[in-house]
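Trainee: I have a chain open and would like to go through its strands, turns and backbone. Can we take it step by step?

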Amino acid sequence: MNSARAAHWRERLARRCQRAEVAPTLTVEGRLRRVVGLTLEAEGCEAALGARCLVATAAGVELETEVVGFSDERLLLMPVTEMHGVLPNARVRPCASAGGLPVGLALLGRVIGADGVPLDGAGPLDTDEHAALKREPINPMARKPIDTPLDVGVRAINALLTVGRGQRLGLFAGSGVGKSTLLGMMTRYTDADVVVVGLIGERGREVKEFVEHTLGTEGRARAVIVAAPADAPPLKRLRGAQYATAIAEWFRDRGQRVLLLMDSLTRYAQAQREIALAIGEPPATKGYPPSVFALLPALVERAGNDAEGRGSITAFYTVLTEGDDYRHDPIADAARAILDGHIVLSRDLAEAGHYPAIDIEASISRVMPAVVTRDHLRSAQRFRQVYSAYRQQRDLIAVGAYQKGSDPHVDQAIALWPTLRGFLQQEVDEPMPLTAAIGALTGIAEGIET
């Protein structure tokens with residue numbers, strides 16, 4: 001009898017413990033004490049960094065915010081949406097979890113915001129799957145090496161800056177040099193299963209222009225566009241970049257070959273700078289706080305090949321350079337250090353009607369030697385040598401000061417210059433496959449005397 005009663009009480013205790021585990025925990029609410037710029041200070045509640053808090057407004061709608069720091073007993077919050085109708089001593093309610101944003105096949109062909117809400121007017125997203133915005137990168141020792149070339153459909157890149165599947169490159173450009181046009185070409189012509197485009201901090205009108213004109217119907221069918229325009233709060237712009245990366249990771253985990261285009265990495269860094277300065281972090285390098293340079297590799301390292309070698313994320317991050325000077329811009333300098341190569345677009349070439357305006361001398365693909373044959377690499381080196389020989393003497397050649405016969409290499413470069421320039425130019429609606437680009441490069445290299 002004693003053993004039966006003991007078993008009965010043990011069973012009741014187990015049921016009570018189970019009920020206690022699933023019982024909702026009490027949420028301690030706080031009050032809003034101070035608002036300075038975009039920073040809200042709440043008192044009386046506790047929440048971890050990155051947690052969501054809802055702030056009551058005069059209109060009866062709760063404002064979504066995120067915990068970005070704390071000072072003494074106060075939480076520092078940043079709004080996710082536009083801040084309107086916030087009153088002194090407003091109620092602040094921490095949320096149990098940050099939750100995730102929708103992912104899945106239903107996102108293909110859609111234009112969505114950084115909060116997962118559709119922007120294209122095509123109805124709600126038909127998906128029940130969600131993913132967290134932030135995720136740990138793959139163990140570098142478990143990641144599959146980059147050993148396969150990727151066809152992007154652009155002759156100059158395929159032949160002279162060959163991209164590897166799983167590579168991460170920077171596209172360095174000022175304003176108005178054909179950056180969006182080049183991104184649109186790669187979106188339509190790259191040999192990828194899925195294309196994820198993150199339009200971060202761009203002008204609002206450019207979102208529709210990119211989707212309808214640059215991307216086109218063919219490119220949009222296999223693409224997911226995440227838009228966080230320039231008028232969005234800084235936290236929303238950060239989320240837009242992280243959300244686009246999370247969507248690319250979801251497709252990669254299912255064995256898909258993903259092309260991730262992020263426009264732009266500079267706007268992402270500027271959004272973090274706004275947040276960091278607002279909560280009191282001191283500026284370090286040209287107005288950028290240290291947290292900016294810690295956040296960039298955390299985002300970039302999430303791209304690349306997976307551990308099994310089935311799926312991959314090949315990423316292009318555009319970097320806006322102030323005054324077209326990419327050598328002294330802190331974000332451009334940091335991007336060059338953490339990416340696997342960079343493609344520089346030249347304003348001089350763009351103004352001369354040379355498209356795509358790729359500066360071959362200033363651009364490099366660090367994985368090209370690992371994904372191309374020795375003959376291809378030798379042909380590319382010959383092309384670069386002749387091209388550089390002409391560019392170094394172009395001022396003398398332009399004014400007629402160069403004397404023919406002074407340098408055999410320059411003489412050869414002058415003779416081949418129309419061919420070299422024609423090879424680097426390409427119409428937007430004329431893709432060049434990888435094999436055809438290599439064949440054309442080989443034909444030019446065979447005519448170069450070493």
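Trainee: How many bridges pair strand β1 with β6, and in which sense do they pair?

Mentor: Keep in mind that this is a predicted model. β1 covers residues 30–36. One of its residues, Gly30, stands opposite Val92 in β6. The pairing is antiparallel, over 2 bridges.

Trainee: And on the β2 side, how many bridges join β1 to β2?

Mentor: β1 and β2 form a hairpin with 2 residues between them. Arg34 has Glu41 in β2 as its bridge partner. The two strands run antiparallel, and the number of bridges is 5.

Trainee: Which residue in the turn of that hairpin has a positive phi?

Mentor: The turn belongs to the hairpin of β1 and β2. Its phi is about 65°. The residue is Gly37.

Trainee: Which residue in β5 is the bridge partner of Glu41?

Mentor: β2 (residues 39–43) and β5 (residues 74–79) are joined by 4 bridges and run antiparallel. Glu41 is also the bridge partner of Arg34 in β1. In β5, the partner of Glu41 is Leu76.

Trainee: Now β3. Which residue in β4 stands opposite Cys53?

Mentor: β3 and β4 pair in the antiparallel sense over 4 bridges. Opposite Cys53 stands Thr65.

Trainee: Which residue in β6 stands opposite Leu54?

Mentor: β3 also pairs with β6, antiparallel, over 3 bridges. Opposite Leu54 is Arg93.

Trainee: Which residues point the other way from Arg52 and Leu54 in β3, and are they buried or exposed?

Mentor: In a regular strand, side chains alternate between the two faces of the sheet. Arg52 and Leu54 point one way from β3. Cys53 and Val55 point the other way, and all four residues are buried.

Trainee: Put the pairings together. In what order do the strands of the closed barrel run?

Mentor: β1 pairs with β6 over 2 bridges and is joined to β2 by 5. β3 pairs with β4 and with β6. The closed barrel has 6 strands with antiparallel pairing, and the order is β1-β2-β5-β4-β3-β6. The twist from one strand to the next averages 45°.

Trainee: Which helix lies across β3, β4 and β5, and at what angle does it run to β4?

Mentor: The helix covers residues 234–253. β3 spans 52–55 and β4 spans 63–71. The helix is α5, and its angle to β4 is about 95°.

Trainee: Let's turn to unusual backbone. Where is Asp72, and what is its phi?

Mentor: Most residues other than glycine have a negative phi. Asp72 sits in the loop between β4 and β5. At 75% relative accessibility, Asp72 counts as exposed because the cut-off is over 50%. Its phi is positive, at about 55°.

Trainee: Is Asn89 buried, partly exposed or exposed, and what is its phi?

Mentor: Asn89 is in the loop between β5 and β6 (91–94). Its relative accessibility is 42%, so Asn89 counts as partly exposed. Asn89 is not a glycine, yet its phi is positive, at about 60°.

Trainee: Which residues does the cis peptide bond with omega of about 15° join?

Mentor: Most peptide bonds are trans. One residue of this cis bond, Ser264, is in the loop between β15 (257–263) and α6 (265–278). The bond joins Asp263 and Ser264.

Trainee: What is omega for the cis bond from Tyr355 to Pro356?

Mentor: Pro356 is in the loop between α9 (347–351) and β19 (364–365). The bond from Tyr355 to Pro356 is cis, and omega is near -10°.

Trainee: Why does Arg188 count as buried?

Mentor: Arg188 lies in helix α3 (residues 179–189). Beyond its neighbours within four places in sequence, Arg188 is in contact with Thr214, Leu215, Gly219, Arg222 and Val428. Buried means under 20% relative accessible area. Arg188 counts as buried because its relative accessibility is 16%.

Trainee: Last, the whole chain. What percentage of its contacts between residues at least 6 apart in sequence join residues at least 24 apart?

Mentor: The chain has 14 helices and 19 strands. Of its 450 residues, 50% count as buried. For the contacts you ask about, the value is 71%.

Methods: Residues numbered from 1 in each chain as written. Predicted model: local features only at pLDDT ≥ 70, side-chain atom pairs only at ≥ 80, totals over all residues. Heavy atoms only, no water. Buried < 20%, exposed > 50% of the residue type's maximum accessible area, 1.4 Å probe, protein only. Contact = heavy atoms within 4.5 Å. Pairing = 2+ DSSP bridges. Axes fitted to C-alpha atoms, helices over the stretch in contact; angles between N-to-C directions.
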